[in-house]
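Me: I have a model open and a few labels I'd like to see justified. Can we go through them one by one?

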Amino acid sequence: NGDVSVIAFTSYAFNLDALKPTGKGGLVAFPKDRPFSYILAPPADDLIFKTQPGLFRIEVNQRLTSWLYSIAFALIVLAVAANPISHRQARIPPLLTALTLAGAAKWMSMLIEGRARGSLGWAAMQYAFPLALIVVVAILARSSRNLEINPRGMDRRGDARAALAGR
């Protein structure tokens with residue numbers, strides 16, 4: 001048909017008061033949605049704190065350790081990039097190595113966070129793992145070792161092929 005229709009609204013604003021809870025059946029705010037001061041000392045009548053107090057401990061630990069992963073991921077990239085090799089020598093691109101190591105570290109942090117709900121030992125691991133990761137990666141970066149994934153196994157196979165081909 002080709003006709004253009006224009007819709008005119010009486011108001012282009014949205015009133016957020018319509019979302020305000022009314023009565024006792026209101027919105028439930030989880031610890032991740034609360035300010036840090038609130039989750040450090042939640043009131044005794046908080047519904048989530050009464051039913052699942054472990055969520056508050058996990059959230060406090062996560063907020064205190066999440067910045068450590070930024071340092072660890074940066075060190076992983078520096079450790080992989082610290083030992084440049086030519087494209088002919090590289091078996092696996094350094095970016096893939098860095099992404100694999102960072103992904104494994106993030107996966108491990110999520111595993112630890114999930115297990116920390118019921119155990120103080122796992123809660124302590126929320127601090128120990130990123131700190132240990134930072135130390136290990138810093139040592140590897142300082143040692144100038146090649147952090148390519150499985151480079152020795154590939155080199156051995158390549159050396160064996162070259163030796164067999166030379167005979």
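**Checking the labels**

Me: How do you know that helix 4 has the span expected for its 22 residues?

Reply: This is a predicted model, so take the values as computed from it. The expected span is 1.5 Å times one less than the number of residues, which for the 22 residues of helix 4 gives 32 Å. The end C-alpha atoms of helix 4 are 32 Å apart, so the two agree.

Me: What puts the buried residues of helix 4 on the same side?

Reply: The buried ones are Thr97, Ala98, Ala102, Ala105, Ser109 and Ile112. They cover an arc of only 120° around the axis, so they sit on the same side of helix 4. That buried set packs against helix 3 and helix 5.

Me: And what makes residues on the face turned away count as exposed?

Reply: Exposed means over 50% relative accessible area. Leu95, Leu99, Trp107, Met110 and Gly114 are exposed, and they're on the face of helix 4 turned away from its buried side.

Me: Why is the largest set of 14 residues called a nonpolar core?

Reply: The name needs buried residues of the listed nonpolar kinds, joined through side-chain atoms within 4.5 Å. The largest such core has 14 residues, with Phe129, Leu133, Ile134 and Val137 having the most contacts inside it. Helix 3 (54-81), helix 4 (94-115) and helix 5 (120-142) each supply at least two residues, and helix 3 gives the largest share, 7 residues.

Me: Which residues does Val137 touch beyond its sequence neighbours within four places?

Reply: Val137 is in contact with Leu75, Ile76 and Ala79. There's also a second, separate core of 6 residues, including Tyr38, Ile48, Leu55 and Val60.

Methods
Residues are numbered from 1 along each chain as its sequence is written. This is a predicted model: local features need pLDDT of at least 70, side-chain atom pairs count only at pLDDT 80 or more; totals for chains, interfaces and linings use all residues. Side-chain values use heavy atoms; hydrogens and water are left out. Buried means under 20% relative accessible area, exposed over 50%, partly exposed in between (1.4 Å probe, protein chains only). Helices (H or I, at least four residues) and strands (E, at least two) are DSSP runs, numbered from the N terminus. Contact means heavy atoms within 4.5 Å. The arc is that of the directions from the helix axis to the C-beta atoms.
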